[in-house]
Amino acid sequence: MEAATHAAPAPRRLRRLEPAAVVGVMSREVANFRTYWKGTTFSSVLEPIVYLLAFGLGLSATLVDEVNGVPYIEFVGTGMVATAVIFSSALPAMFGTFVKHRFQNTYDAILAAPVDVEELVSAEMLWIAIRSGTYGCIPLLVTIAFGLDPAWGMLLTPLFCFVTALGFSGFGVAMAATVAKIDQFNYVTALFVTPLFLVAGTFFPIEGLPEGVQVVAQFNPLHQLVELVRGGAFGFEWEDLLRFAFLAGFATITWRVAIHQMRKRLID
Amino acid sequence: MAAIELRDVVKTFGPITAVDGLDLEVPEGICLGLLGPNGAGKSTTMRLLTGQAIADSGELRVLGHELPAEAKTARGQMGVVPQLDNLDVDVTVEDNLAIFARLYRVPDVGAAVEKALDIARLRERRRDAVDELSGGMRRRLLLARGLVHEPRLILLDEPTVGLDPQIRTELWTLIGDLKSHGTTILMSTHYIEEAERLADEVAVMHQGRIISRGRPVELIAEHAGRFTAEVYGPPHRLAEARAEAEAQGLSVRPAGPAIAIVGSERTDGLVPDDAVVRAASLEDVFVLLTGEEAD
């Protein structure tokens, strides 16, 4: 066996949120992702195509021609970005975090290294957001293939998706640290994920909903993302700055809540 | 400077006191075996040392760093080999090592991985996913992962629990090599043979505190004397032998189908002729002190 030399210089005191720790944790995610990226990519591309064929072509051919002057297939296609983001951020964060903590003991290994809970959670959220930000753009690309005209504003879509996914990954991590059993994610999905997904303005404009629901929908991050993506495709409005600020605030709040909950869960 | 200093450390989980006024000092360069039955507080002590558990009271210092405030800095200089296998099973052997080299901020990740592959003797399997490895290989990899940054202190939490004897012996050789290179080791175990074979000193932990500590031979001499007589026979005979030995103030413990009269050299000729007399062992000490059967 090689000798352990112990010749390392006197260690510096490690600070909060060290980039090396965050990158280290993310490198673990990347190494794992390399083993399953094909399946994830396949479903991420296929799903929006199926949705667009079913809702876009199906409904537009029979019931809805256009919404607010936008062909229905383009209306749904731009809205589908939000669907892709929530399903590729909140759900992996919930289930992935729970499995890594409870079944694989991964976090015990990481926290035995010079990494703290804040760095661990930040890295997990960043990785999910990067992935989701990328996959979130696929429905937009598919919609372009179905006839949507490209626009310069669409280049901001990865950023919008990234920030929204950051928020939903924080939400997912916080939920994973809160539930006692994996079955309890059914409540989370039924109470939060599905309503947020349905009242985002993806498949129909929220203006058609009762006034109270419209007000509530304004606090739905997915609705704000849908509006931003459509702004990128069909033209921004000044309110879009507020929408982006809202998403940034959502991400900041869920980040801190996720750290708080994970600290309670991981540190005895 | 001691590598580990714990003073009057208390850790409770609700109504359960897992660590109860623990005092422990581990000088640099030794292997200390923390020997105790299940539930003695060994794993909680290990988690306190890595900052994964926060003590209710007491002082903790690891490699000169106060815990929990400087736990992250302390962790940078120590390696941990956990009781449970928490390797990334879909990832290759070398990626598992590289991930942890990065987490430990090793400047030359490639060189650290090469060295760790040698320690684990897994150079030929470097590109295999972990779930293709045998149990022994995985355990060696787990140990090498804890050493990838050449730590000054290594915490081994039940390093061979649940392993078959051959793999256990392999790991003992690896740990023995580590000792010979001067790395400070704190090893929790409930295997007597493991502590006897690897530890320079043994601390017997029971109900959250250290109840005795010393070199194995010293502990044996202090608590068990020189010889132990094992008496076999039907229950009434064992009861008689026990009563006679206890009347002389000797300690008697069950030993499978027999009873063991500890310190039998002091029996003044009362040991039955057919008793099996052997050298006193650390197991005798363990059972006498904790009242628990040893593994």
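**Group meeting: backbone outliers, a sheet and an interface**

I'll start in chain B, with B:Leu63, which sits in the loop between strand E4 (57–62) and E5. Keep in mind that this is a predicted model.

What is the phi of B:Leu63? It is near 50 degrees, a positive value in a residue other than glycine. For background, most residues other than glycine have a negative phi. Is B:Leu63 buried or exposed? B:Leu63 has 22 C-beta neighbours inside 10 Å, and the cut-off for buried is 20 or more, so B:Leu63 counts as buried.

Chain A has a residue to put beside that one. A:Leu17 has phi near 45 degrees, again positive and again not a glycine. Its place is the segment before helix H1 (19–62) of chain A. Here the count is 11 other C-beta atoms within 10 Å, and since 12 or fewer means exposed, A:Leu17 is exposed.

Back to chain B for a peptide bond. Between B:Leu67 and B:Pro68 the bond is cis, with omega near 5 degrees. In general, most peptide bonds are trans. B:Pro68 belongs to the loop that connects strand E5 (65–67) with helix H2 (71–75) of chain B.

Next, the sheet. Chain B has an open sheet of four strands, in the order E2-E1-E4-E5, with antiparallel pairing. Why do strand E2 (16–27) and E5 of chain B each have one side without a neighbour in the sheet? Both stand at the edges and have a single partner strand each, so there is nothing in the sheet on the other side. From one strand to the next, the twist averages 25 degrees.

Within that sheet, strand E1 (residues 2–13) of chain B runs antiparallel to E4(B), and five bridges join them. One position to look at is B:Ile4, whose bridge partner in E4(B) is B:Val62. Helix H1 (residues 42–50) of chain B packs on the sheet and touches E1, E2 and E4 of chain B. The direction of that helix makes about 65 degrees with that of E2(B).

Last, the interface. How many residues of chain A are in contact with chain B? The count is 33 residues of chain A, against 36 residues of chain B. On the chain A side, H1 and helix H3 (106–111) each supply at least two residues. H1(A) gives the largest share of that side, nine residues. By type, the chain A side divides into 18 nonpolar, nine polar and six charged residues.

Note on methods
Residues numbered from 1 in each chain as written. Chains lettered and ligands numbered in written order. Predicted model: local features only at pLDDT ≥ 70, side-chain atom pairs only at ≥ 80, totals over all residues. Contact = placed C-beta atoms within 7 Å. Nonpolar A, V, L, I, M, F, W, Y, C, P; charged D, E, K, R; others polar. Pairing = 2+ DSSP bridges. Axes fitted to C-alpha atoms, helices over the stretch in contact; angles between N-to-C directions.
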